[in-house]
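The following explanation is intended for a reader who meets this structure for the first time. Please keep the sequence and the three-dimensional view at hand while reading.

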Amino acid sequence: MRKTLIVANWKMHKTLSEAEEFVKRLSGEIADINNIETVICPPFTSLASLAVLTEKTTILLGAQNMHWQKEGAFTGEISPLMLRDLGVKYVIIGHSERRLYFNENSRLLKRKMAAAFNYGLVPILCVGENWEQRSARETENVIKEQLLGALEGLDIGKDAMQKMVLAYEPVWAIGTGNPAQGSEVGVVAGFMRSLLQERWGDSCQGVRILYGGSVKPDNIVEFTGKAGMDGALVGGSSLDVKTFAALLKAVSGERSA
Ligand code: PEP
């Protein structure tokens, strides 16, 4: 049974004090929720402090990005070892903003995936088509290229594979207030599962597939309620503590109904 996972991606938002205040309030709001896993991915600058603040809570931490090397002359980069050292459990790999603004391609993302597996971090690999690709009915080809491009040929242990997370994030739905239809998302998740099954067989049964793109408290269950979907990656709606708590409560309520 895959546990529902909700991941907050704060992107380049929140100072340290704002991040600390958010986590203190959120941990009170969701203290009774134990049927979903909640992960916050703050900017790197807040990770060390939030690692301490979340220690006795149900909140887990993720990073928004990382380099693939353990250490070295890579100015401005953060290594998987540094993240693991802080107690970070998850790392987002290949968010569309990284692909678009920082030219991250499948070759580089495969290195990051390998590093995440090697250092015991759980990668959240993001895939998704842009509007032109969708209009040209290229969605499945794009997803296939991005998914296999970042994974094929890697030596992934069964345990690591079972824990892996994939996020289907249609680029045109991110930050636009225009989410995909739940039914479409269900179809894409089914396609992603069939790709995994073809290549890796039953060792990928535990892989969780999230949806991301303009998720809000009042539409979240449209996605998490679909067969094959295991949660959401949330940008804008994760920045306000009341909104994010409402979203988590909506999912938790639906799961226990
Ligand atoms: C994201 O950037 O991963 C995302 C899903 O953003 P939003 O929820 O704001 O669309």
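The paragraphs below begin with the ligand and then turn to the aromatic rings, the backbone and a few individual residues. The model is a predicted one.

The ligand is a suitable place to begin. It is surrounded by 14 residues, and the closest of these are K11, E169, G175, S214 and G236. By character, the shell around the ligand divides into 4 nonpolar, 8 polar and 2 charged residues. Several polar contacts can be located in the view. An N or O atom in the side chain of K11 lies 2.5 Å from an oxygen atom of the ligand. From H95, a polar side-chain atom lies 2.9 Å from a ligand oxygen atom. In S214 the contact is made by the backbone, where a polar atom is 2.7 Å from an oxygen atom of the ligand. How much of the ligand does the protein bury? Taken alone, the ligand exposes 290 Å², and 95% of that is buried by the protein.

K11 deserves a second look. This residue is found in the loop between β1 (4-9) and α1. K11 is partly exposed, because its relative accessible area of 21% falls between the limit of 20% for buried residues and that of 50% for exposed ones. The backbone of K11 is also noteworthy: its phi is positive, at about 55°, although K11 is not a glycine. Most residues other than glycine have a negative phi. K14 lies in the loop between β1 and α1 as well. The phi of K14 is near 85°, again a positive value in a residue other than glycine.

The side chain of K14 leads to the aromatic residues. Its charged end sits over the ring of W10, at 5.3 Å from the ring centre. Elsewhere, R98 lies over the face of F102, 4.1 Å from the centre of that ring. Rings also pair with one another, and the count comes to 4 aromatic pairs. In the pair formed by F22 and F244, the ring centres are 6.4 Å apart and the planes stand at 40°; the pair is therefore tilted, a term for angles that are neither under 30 degrees nor over 60. This pair links distant parts of the chain, with F22 in helix α1 (residues 16-29) and F244 in helix α11 (residues 241-256), 222 residues apart. Both F22 and F244 are buried. Ring pairs join W10, F22 and F244 into a cluster.

A pair of tryptophans offers another example. The ring centres of W131 and W172 are 5.5 Å apart, and their planes stand at 80°, so the arrangement is edge-to-face. W131 belongs to helix α6 (residues 131-135), whereas W172 lies in the loop between β6 (165-168) and α9 (182-200); the two are 41 residues apart, and the pair links distant parts of the chain. Are these two residues buried or partly exposed? W131 is partly exposed, with a relative accessible area of 45%. W172 counts as buried, because its relative accessibility of 10% is under 20%.

Helix α9 also holds G186 and V187. G186 is buried, with a relative accessible area of 16%, while V187 counts as exposed at 54% relative accessibility. Each can be related to a residue elsewhere in the sequence. The C-alpha atoms of G186 and D230 are separated by 11 Å, and the two residues are 44 residues apart along the chain. V187 and K226 are 39 residues apart in sequence, with a C-alpha to C-alpha distance of 9.4 Å. In helix α10 (residues 220-224) one finds I220, which counts as buried at 0% relative accessibility. I220 and A250 are 30 residues apart in sequence, and their C-alpha atoms are 7.5 Å apart in space.

The last stop is T57, in the loop between α2 (44-53) and β3 (59-63). T57 is partly exposed, with a relative accessible area of 24%. What lies 2.8 Å from a polar atom of the T57 side chain? The backbone oxygen of T54 is found at that distance. The backbone nitrogen of I59 lies 3.0 Å from a polar atom of the T57 side chain. T57 and V23 are 34 residues apart along the chain, and 9.5 Å separates their C-alpha atoms.

Definitions and conventions:
Residues numbered from 1 in each chain as written. Predicted model: local features only at pLDDT ≥ 70, side-chain atom pairs only at ≥ 80, totals over all residues. Heavy atoms only, no water. Near = heavy atom within 4 Å. Polar contact = N/O pair within 3.5 Å; in protein donor to acceptor, adjacent residues only side chain to side chain. Areas by Shrake-Rupley, 256 points an atom, 1.4 Å probe, with all protein chains shown as cover. Nonpolar A, V, L, I, M, F, W, Y, C, P; charged D, E, K, R; others polar. Phe/Tyr/Trp six-rings, centres within 6.5 Å; stacked < 30°, edge-to-face > 60°. Helix = DSSP H or I, 4+ residues; strand = E, 2+ residues; numbered from the N terminus. Buried < 20%, exposed > 50% of the residue type's maximum accessible area, 1.4 Å probe, protein only. Lys NZ or Arg CZ within 6 Å of the ring centre and 35° of its normal.
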